[in-house]
Amino acid sequence: MTAPDENVISLSEPVLGREEKQALCAVIDSGWITMGEKVQAFEHAFATLHGVKNAVAVNSCTAGLHLSLAALGIGAGDEVLVPSLTFVATVNAVLYVGATPVFVDIARDDLPHMSIDDAAAKCTPRTKAAIIMHYGGYLMDLPAWQSFSTERDLVLIEDAAHAPGMDAVGRSSHAAAFSFFSNKNICTAEGGMVIASHPDVLERMRHLRAHGMTTSTLDRHRGHANSYDVLMLGYNYRMDELRAALGIVQLARLKEWNARRRELSQIYRQRLAERLPGVSVPFGSSWETAAHLLPVLLPQGADRSNVIACLKQRGIQSSIHYPPVHRFSYYRERTSCHLPHTESFCSRELTLPLHPSLRESDVDRVVAGLEESISVEAHEAAHA
Ligand SMILES: Cc1ncc(COP(=O)(O)O)c(C=O)c1O
C-alpha cells in the first residue's frame, strides 16, 4: 500500500485522529461490539443536535431511506417523485418497496433542486410520496415542499445525506435520512441515521432495522428478555457499537466542520468570480447549506473529461455529482423520460475539493489549476 500523496488535494477527506482511535479501543475493551449502549448514546446525541426527540441509527443512509418509505406505508402501486440529480440510492430505495420512481427535473442551472412546478405537473392519482434531496448540502425550500405535500396528502421524505447538522432538516417532513459514509460531513466508515416526525414511525423503523424483532441481543444477553417475537418482515440494518463510538466523537465537531466548509465555499466563490467568471457556482452565497460539496458549472463547450485530466496532472482531484440517474442503463430500460435541465446541468457540472482540512492556499491552488486546465483544454480544442 502506498501512503497518500501529500501534494495531492483530495476531493474529500475524513478527519480521523486520536479520539476516534481511543473510542474504537474502548468499545473493543468493553467486550460488546454489536448494537447496544453506544448506538443509543449516538442516537440521543444526534437527536439532541437536531432538536428532535429521537433518532434511529442504521448501517447506511440507503437503509434509512428504505426504512422511511416502508415505515410510512409506501409500496406497490404507489408513485414517488424523485430527483434524477442525486446518488442512485435515493431512487433505488423506491424500487426496494415495490413503488415506482417518477423523475422530476431540476429548476435551473443556478438552482439545481427538484423543481416544484415539474413535480406538480408529474403528480397523478397514484402519487403518494416525494423524496427531496439537499444537493451538496444546500437546503431545499422546506416550507414550499411541506405545503406541496400537505396540499396533495403526500408523504415527504428528505434525503439528507449531504445535510447533517442543519437545524431545519426533519422539521417539515415525515422523515429524513442521513449518511455517515466516509466522504460525508461526519463519517463512521459506513452508517446512517433517520429522524421522523411521528414517534410511531420511528418505532416501526426500530423494529424494521432489526428483523422485526421485539427484543435485541443485548436485552437477552443481560437477561432482560429470554425470547422474542417477530412483528413484521424486517431487515438487518443495525448499526454496531464501533461505528456509533466513531459517530459520537465526530458529531461533537460537526457544527464546527460545517462552518469551516461554508467558509471555504465562500473563499471558492470569491476566487472563482475574480479569476474565472465563465465558471459559475450554483445557489447564492447566502444560501443555507451544510456545504457538503463545491459544485461548479464549466463554461459551455468545455470538454469536462479533459479538464478533469488536466486537474489530475496538477495533483487536484475532482468529480462529477452526478451522472443523472434516469440515464443509467438500469433505469433507461425501465423508464423513458427527458429532463432537459438535469441533463444540461449534469453535462457541465464539476465538483472541486472541499473538506474541513483544506487550507486557503489549497483553494488558491485548485482555482489556479482550474484556470490553467480550462485554458489548456480550450487551446487544444481550438487546434484539434
Ligand atoms: C444523496 C445521497 N443519498 C444517499 C446516499 C447513500 O448513502 P449511504 O452510502 O450511507 O447508503 C448518498 C451517498 O453517497 C448520497 O450522496
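Before we start: two strands count as paired if DSSP finds at least two bridges between them. Keep in mind that this is a predicted model.

**Exercise 1.** Work out the strand order of the open sheet and find which strands sit at its edges.

*Solution.* Start with the order: the seven strands of this open sheet run β1-β9-β8-β7-β6-β2-β3, and the pairing is mixed. Next, look for strands that pair on one side only: these are β1 (56-58) and β3 (100-104), the edge strands. Finally, check the twist, which averages 25 degrees from one strand to the next.

**Exercise 2.** Zoom in on β2 and β3: in what sense do they pair, and over how many bridges?

*Solution.* Strand β2 (residues 79-83) pairs with β3 in the parallel sense, and there are five bridges. To get the register, take Val80, which stands opposite Pro101 in β3.

**Exercise 3.** Say which strands α2 and α4 lie across.

*Solution.* Take α2 (residues 37-49): this helix lies across β1 and β9 (192-196), at about 120 degrees to β1. Now α4 (residues 88-96): this one lies across β2, β3, β6 (127-133) and β7 (155-159), running at about 170 degrees to β2.

**Exercise 4.** Describe how α10 and α14 pack, then sort their contact residues by character.

*Solution.* First the geometry: α10 (residues 254-275) and α14 (residues 360-382) pack at about 35 degrees, their axes 10 Å apart. The crossing is right-handed. Then the residues: α10 contributes Leu264, Ile267, Tyr268, Arg271, Leu272 and Arg275, while α14 brings Glu360, Val363, Asp364, Val367 and Glu371. Sorting them gives six nonpolar, five charged and no polar residues.

Note on methods. Residues numbered from 1 in each chain as written. Predicted model: local features only at pLDDT ≥ 70, side-chain atom pairs only at ≥ 80, totals over all residues. Axes fitted to C-alpha atoms, helices over the stretch in contact; angles between N-to-C directions. Helix = DSSP H or I, 4+ residues; strand = E, 2+ residues; numbered from the N terminus. Left-handed = near helix turned anticlockwise from the far one by under 90°. Contact = placed C-beta atoms within 7 Å. Nonpolar A, V, L, I, M, F, W, Y, C, P; charged D, E, K, R; others polar.
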